[in-house]
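Here is a short tour of a protein with its ligand. Take a look at the sequence and the model, and then we can go through the contacts together.

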Amino acid sequence: MKVRTENGNIDMRAVWFDRGKVMMIDQRELPHKVVVVGFDDYGDVAEAIRNMTTRGAPSIGAAAAYGMCLAALSGFDLDLASKNIKAARPTANDLFFAVDHMYSLLRNGSEPVEAANGYADMIVSKCERIGEYGSQLIKNGMKVMTHCNAGALATVDVGTALAPIRKAWAAGKRFFVYASETRPRLQGMQLTAWELGQEGINHAIIPDGASAYYMEKGVDMIITGADRITANGDFANKIGTFDKAIAAKHFGIPFYVAAPVSTFDFDTMSGEDIIIEQRSEKEVTEMYGMRIAPAGSPALNPAFDVTPAELVTGFITEKGIFGPKDIRKVMDDE
Ligand code: MRU
């Protein structure tokens, strides 16, 4: 991804490996500062996933792959490392996919750094293809809405939901993006708007509650990412996605979900069986460490919701765009 600095644009990934350390952009510091942190212990990588130093399903997967790489380099028991890394967050399928992928490569004697770099590169190339397929849906003058951050920060590079937007913009199409702020952690405002700004893409941040208001005024398509897509086409994504899909149905707006194969979980039959991460109520009741809710009022903080397949127009994948009934095609040649 392009990061503008005082010395010009630099190309950065969200997660990478350098001289024995797993490096990542600390996404909790954005948009104010680009801070890079490094870990040489796999337990610290698991903690960085848990505390959302890095986040977004495919970036979590890549961090997990590098965590497995560190565990192997340090001679840790790979079964225990797999278990510990998988315990970091429950909902994103990519975490489990990446750990299992690395476990099998490492058990078969692959060199750890090569294997983890290979995983990260594979995700980026899938995102490139998602961008190529998805960008064909975007036309000049359109208004596109997205939620949370499914950009390069969430996917090592390029993005899933933001990949079509990036590619279409780079191809010279001109359109407008609504980025909903994404309470409580504000990934839409702090991360998506930052990424769009780095690329000079026309956009505005809107409060989550303003989505239907703008849809009524004229949104042409909605694209989100996903954390887990089940066999029947239901999918989990950042809390608030389901509301948008319902409103999109009401207004007849196409609703697309962009995701690579690592996010598809065909062992889970429907969205009912997805484990939804419940995060600290402080994410809701506090801002920058200061309580903003009345003393004594508790809060509930589910990090994701499940949108039923019937509300999805299509899944934009590295293999093409499929309706919910055809998603098994994403597994062809895997
Ligand atoms: O809690 P987060 O920030 O990890 O949640 C991220 C999302 O819900 C994204 O929309 C999803 O992972 C898709 S990212 C390509």
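## Polar contacts to the ligand

In this predicted model, a backbone N or O atom of Ala-57 sits 2.9 Å from an oxygen atom of the ligand. Side chains join in as well: an N or O atom in the side chain of Arg-55 is 2.8 Å from a ligand oxygen, and a polar side-chain atom of Asn-237 lies 2.8 Å from an oxygen atom of the ligand. On its own the ligand has 410 Å² of accessible area, and the protein covers 100% of that.

## The site and its shell

If you are wondering where the ligand sits, the space it takes is the largest cavity. Three elements each give two or more residues to the surrounding shell: α2 (57-73), α6 (152-155) and β11 (235-238).

There are 19 residues around the ligand, and those that come nearest are Arg-55, Arg-89, Asp-227, Asn-237 and Lys-238. Sorted by class, the shell holds 8 nonpolar, 7 polar and 4 charged residues.

## Salt bridges

Now for the charged pairs in the protein. The structure has 16 salt bridges, one of them between Asp-121 and Arg-13, whose closest N and O atoms are 2.9 Å apart. This pair connects distant parts of the chain, with the two positions 108 residues apart in numbering. Asp-121 belongs to helix α5 (residues 112-135), while Arg-13 is in the loop between β2 (8-11) and β3 (15-18).

Conventions
Residues numbered from 1 in each chain as written. Predicted model: local features only at pLDDT ≥ 70, side-chain atom pairs only at ≥ 80, totals over all residues. Heavy atoms only, no water. Near = heavy atom within 4 Å. Polar contact = N/O pair within 3.5 Å; in protein donor to acceptor, adjacent residues only side chain to side chain. Areas by Shrake-Rupley, 256 points an atom, 1.4 Å probe, with all protein chains shown as cover. 1 Å grid on protein atoms, 1.4 Å probe; cavity = no way out; pocket = protein on both sides within 12 Å on 5 of 7 lines; lining within 4 Å. Sits in = over half its atoms within 2 Å of the grid points. Helix = DSSP H or I, 4+ residues; strand = E, 2+ residues; numbered from the N terminus. Nonpolar A, V, L, I, M, F, W, Y, C, P; charged D, E, K, R; others polar. Salt bridge = Lys/Arg side-chain N within 4 Å of Asp/Glu carboxyl O.
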